[in-house]
Amino acid sequence: MQRDLEKRLGFLRDHIVGPFRAARRHDSPEAARLVPVVAEVKLFERSYGVQKVYDQIIPRLYHKSDGLIFTAVKAPYMPGTCNTIVKWKPAGENSIDFKIRVTRNSSNAPELQLHQWLGGDNYELFGIMAVRPDDWATHFADLAPLDGRIAETIYDPEYSPPAVWRFLRFRDDKPHGNHASVIQRIIASIGDTMDLDELVNVMVQVRDNWKCRNPGS
């Protein structure tokens, strides 16, 4: 744990991924197809390589990427919350899990309240889900099973204002939504966010500073 990131990645390459791939090369094609897992190491770039990551690396991933993580290479591994790691994602990729409560507004139209988790079995009203008319048929046609379900929502203030949290998917794998403390951190992150162009522009100075600290690299 005290070794820096490059040493830890080297250990992963030499003692896990490398031997795994070597074993696979000795399998027959039929046996190889039956192996239920793969071992991959994500490519790492210096922080100023944001544009390359977005243009070349992310499109080749096997899964969806919702952001970037910047970390100090020479820092030891820190379990739990690490305050030296910076995670960036577009504002529209910030999601919050809420518990849904079905109510009706003053016009007797159905309304989906979003409740934030306070711990235990305690919840409090946070806001209203942003819903367009066609969403009712697509996602919420049957109101009865909705009440009490956990829904992942994304920040989209232009979708159906004044509500700003739009439905993404149900999270029936979770017993609770996000804790109120987590929600406040996500909202603060949205307020501090930069779009991709701004981030790329900042990285010009980051690159120049890095090269000053590491001449000849």
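Biologist: Let's start in the sheet: which residue stands opposite K99 in β4?

Modeller: First, a heads-up: this is a predicted model, where local features need pLDDT of at least 70, side-chain atom pairs count only at pLDDT 80 or more, and totals for chains, interfaces and linings use all residues. Residues are numbered from 1 along each chain as its sequence is written, and side-chain values use heavy atoms, leaving out hydrogens and water. Strands here are DSSP runs of E, at least two residues, and helices are runs of H or I, at least four, all numbered from the N terminus. Across from K99, in β4, you'll find H115.

Biologist: And how many bridges join β3 to β4?

Modeller: Two strands count as paired if DSSP finds at least two bridges between them. β4 covers residues 110–119 and runs antiparallel to β3. The two form a hairpin with five residues between them. As for bridges joining β3 to β4, the count is six.

Biologist: Which residue in that turn has a positive phi?

Modeller: Look in the loop between β3 and β4. Most residues other than glycine have a negative phi. This turn holds a non-glycine residue with phi near 65°. The residue with that positive phi is N108.

Biologist: Is N108 buried or exposed?

Modeller: Buried means under 20% relative accessible area, exposed over 50%, and partly exposed is in between, using a 1.4 Å probe and protein chains only. N108 comes in at 52% relative accessibility. By that rule, N108 is exposed.

Biologist: On to β3's other neighbour: which residue is the bridge partner of F98 in β6?

Modeller: β3 (residues 95–104) and β6 (residues 150–160) pair in the antiparallel sense over five bridges. Go to F98 and look across to β6, and the partner is A151.

Biologist: And which residue in β7 is the bridge partner of T153?

Modeller: β6 and β7 pair in the antiparallel sense over six bridges. A hairpin of two residues joins them. T153's partner in β7 is F167.

Biologist: Which peptide bond is cis, with omega near 10°?

Modeller: Most peptide bonds are trans. To find this cis one, go to the loop between β6 and β7 (163–170), where P162 is found. The cis bond runs from P161 to P162.

Biologist: Why is the pair of F98 and W165 edge-to-face?

Modeller: Rings of Phe, Tyr and Trp (its six-membered ring) pair if their centres lie within 6.5 Å; planes under 30 degrees apart are stacked, over 60 edge-to-face, and the rest tilted. By this rule there are nine aromatic pairs. The F98 and W165 rings have centres 6.2 Å apart, and they count as edge-to-face because their planes are at 65°.

Biologist: How many residues apart in sequence are the parts that this pair ties together?

Modeller: F98 and W165 are both buried. F98 lies in strand β3 and W165 in strand β7. So the pair ties together parts whose separation in sequence is 67 residues.

Biologist: Over which ring does the charged end of R166 sit?

Modeller: A charge sits over a ring if NZ of Lys or CZ of Arg is within 6 Å of the ring centre and within 35 degrees of the ring normal. R149 does this with F170, at 3.7 Å from the ring centre. R166 is 4.7 Å from the centre of its ring, which belongs to Y159.

Biologist: How many residues are in the largest nonpolar core?

Modeller: A nonpolar core is a set of buried Ala, Val, Leu, Ile, Met, Phe, Trp, Tyr and Cys residues joined through side-chain atoms within 4.5 Å. In the largest one, I96, F98, L112, M129, F140 and W165 touch the most other members. β3, β4, β7 and α5 (180–191) each give two or more residues to this core. The total number of residues in it is 15.

Biologist: Last one: which side chain does H176 join in a polar contact of 2.9 Å?

Modeller: A polar contact is a pair of N or O atoms within 3.5 Å; within protein, one must be able to donate a hydrogen and the other to accept it, and residues adjacent in sequence count only if both atoms are side-chain atoms. H176 is in the loop between β7 and α5. Its side chain reaches the backbone oxygen of G120 at 3.5 Å. The contact of 2.9 Å is with the side chain of Y123.
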